[in-house]
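I opened my notebook today to get to know a new structure. Come along while I look things up a piece at a time.

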Amino acid sequence: MSDTMHSDIIIVGAGPAGLAFARYFKGSELRLTIIEKAPLSSLQNPAYDGREIALTNRSKEILQNLGAWQRFNPDEVYPLVDAKVYSGTLDYALHFQVPSLMKSMRLLDRLGNLISNHNIRKAIYDEVATMDNVTLITEIGVTDVKTDDVQATVSLADGRTLTADLVIAADSRLSGVRRMLGIGADMHDFGRTVIVFRVSHPLSNGATAQECFLYGRTLALLPLNDHLTNCVITLDNTQADALLSLSPQALASEAQRMFGDQFGTFSIAGSVHHYPLMGVHAHQFHAKRAALIGDAAVGMHPVTAHGYNLGLISADILAPLIIEAHRMGRDIASDRLLATFNRRHQIHTRPLYHGTNAMVTLFTDDRKPVRAVRDLALRVSNNLPPVKHWIAKQLVG
């Protein structure tokens with residue numbers, strides 16, 4: 001089978017970053033083709049996967065501009081008002097709130113919002129589905145990507161060949177397209193597993209996220225409604241099977257014990273999911289007539305909740321550059337344009353990626369001398385307003 005179709009832009013990967021990028025071109029003359037390995041039904045009705053995404057206020061604005069935020073059920077948008085971080089024990093917390101200046105000047109009443117991953121995926125897909133300049137090809141893999149001075153060429157597993165002025169890799173942190181383009185990446189395998197599940201409880205969570213770097217394990221509690229919380233347990237791979245072998249209710253009881261019964265009795269409120277924990281940062285976010293966005297560019301440790309926020313920022317930087325170049329009659333995949341995107345996005349990602357990894361390394365090191373440093377870091381941060389304000393600004397976005 002041999003067939004060739006030309007588009008202005010090919011996007012490989014119809015995850016939430018790839019779809020958000022495509023949505024920027026609604027009403028544009030540019031023609032887009034999206035290639036996705038998964039079936040169409042999984043895009044139209046994504047399955048719940050246990051992941052609750054903490055969206056910054058900037059991400060909310062981006063999604064509002066894309067029309068996706070308006071599609072969320074208000075009852076499934078959960079305010080994240082405060083955040084607390086513990087080290088080792090639960091007797092002292094580093095406490096983050098919206099900086100007072102932001103409260104008054106930007107009228108912010110929360111650090112951000114929590115929304116289930118599957119709801120984000122569906123809302124953005126539903127927006128893209130209204131676009132008549134988008135062709136969606138599903139249930140097919142990409143076998144090769146080549147680029148030159150003239151165009152990008154994408155080969156599909158069924159023998160078809162697609163061409164475009166620009167190809168976008170949005171196909172996960174283990175991006176095959178990134179490798180085909182010859183772009184290397186720093187990969188940090190934490191050797192840990194993330195176990196996620198929802199629990200209900202009688203006492204209010206106060207719309208406060210709790211990040212508990214306990215000795216041997218990390219427990220994050222993400223507030224949904226007052227009496228519903230998403231639990232995220234992170235632990236060494238060698239310990240994961242023991243927890244996963246528990247019944248769902250026994251797992252909820254273990255999370256309750258880890259948090260010192262502070263919300264009362266935990267009852268399981270849904271399915272249990274688990275994922276390997278790996279961080280990725282591409283050496284650069286562009287090649288000739290190609291760019292990386294979303295997790296293909298940066299896959300973050302979830303502790304700072306910046307993964308999808310950075311994915312949205314990558315789309316928010318690159319898409320307007322392309323739209324402006326097209327409006328001016330310039331090459332939408334010029335080396336200069338892509339280098340500008342790379343420079344602007346790297347400014348966001350590199351400090352967050354390496355800073356997050358350094359923080360995780362420190363707060364998961366249980367050696368006695370390091371425990372003292374962990375405790376000191378929390379107390380110093382709590383009592384240095386400039387440091388605390390800077391961190392809170394990152395959380396707000």
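Below are my entries, grouped by the part of the chain I was looking at.

**Before starting**

I reminded myself that this is a predicted model.

**Entry: helix 1 and its cover**

I began with helix 1, which covers residues 16–23. How many of the residues of helix 1 are buried? I found that eight of its eight residues are, and I noted the helix as mostly covered. I wrote down their names: Pro16, Ala17, Gly18, Leu19, Ala20, Phe21, Ala22 and Arg23.

Next I asked what the buried residues of helix 1 pack against. Among the strands I listed strand 1 (4–12), strand 2 (32–36) and strand 11. Among the helices I listed helix 3 (57–65), helix 5 and helix 9.

**Entry: helix 1 beside helix 5**

I then picked one of those partners, helix 5, which runs over residues 117–128. Two packed helices are described by the angle between their axes and the distance between the axes. For helix 1 and helix 5, I read that the axes come within 9 Å and cross at roughly 30 degrees. Angles under 35 degrees count as roughly parallel, so helix 1 is roughly parallel to helix 5. I also noted that helix 1 passes helix 5 in a left-handed crossing.

Which residues make this contact? From helix 1, I have Pro16, Leu19, Ala20, Ala22 and Arg23. From helix 5, I have Asn117, Ile120, Arg121, Ile124, Tyr125, Glu127 and Val128. Sorting the residues of this contact by kind, I got eight nonpolar, one polar and three charged.

**Entry: helix 9 and leucine 321**

Helix 9 was my next stop, at residues 307–327. I noted 21 residues and a reach of 31 Å from the first C-alpha to the last, close to the expected 30 Å. Following helix 9 comes glycine 329, and its phi is positive, near 75 degrees.

Within helix 9 I looked up leucine 321. Is leucine 321 buried or exposed? Its relative accessible area is 17%, and the cut-off for buried is under 20%, so leucine 321 is buried. Setting aside neighbours within four places in sequence, I found leucine 321 in contact with Leu337, Thr340, Phe341 and Arg344. I also checked leucine 338, which is 17 residues from leucine 321 along the chain, and the C-alpha atoms of the two are separated by 8.7 Å.

**Entry: the loop between strand 11 and helix 6**

Here I looked up two residues. Alanine 170 is found in this loop, and at 12% relative accessibility it counts as buried. Not counting residues up to four places away in sequence, alanine 170 touches Ile11, Val12, Gly13, Gly18, Ile293 and Ala296. I had already met Gly18 as one of the buried residues of helix 1. The C-alpha atoms of alanine 170 and aspartate 148 are separated by 20 Å, with their positions 22 residues apart along the chain.

Serine 172 is in the loop as well, between strand 11 (161–169) and helix 6 (176–180). I marked serine 172 for its positive phi of about 95 degrees, although it is not a glycine. Serine 172 is partly exposed, at a relative accessible area of 37%.

**Entry: alanine 207**

I ended with alanine 207, in the loop between strand 12 (185–200) and strand 13 (208–214). Its phi is near 55 degrees, a positive value in a residue other than glycine. Alanine 207 counts as buried, at 12% relative accessibility.

Terms used
Residues numbered from 1 in each chain as written. Predicted model: local features only at pLDDT ≥ 70, side-chain atom pairs only at ≥ 80, totals over all residues. Heavy atoms only, no water. Axes fitted to C-alpha atoms, helices over the stretch in contact; angles between N-to-C directions. Helix = DSSP H or I, 4+ residues; strand = E, 2+ residues; numbered from the N terminus. Parallel < 35°, antiparallel > 145°, perpendicular 65-115°, else oblique. Left-handed = near helix turned anticlockwise from the far one by under 90°. Contact = heavy atoms within 4.5 Å. Nonpolar A, V, L, I, M, F, W, Y, C, P; charged D, E, K, R; others polar. Expected span 1.5 Å × (residues − 1). Buried < 20%, exposed > 50% of the residue type's maximum accessible area, 1.4 Å probe, protein only.
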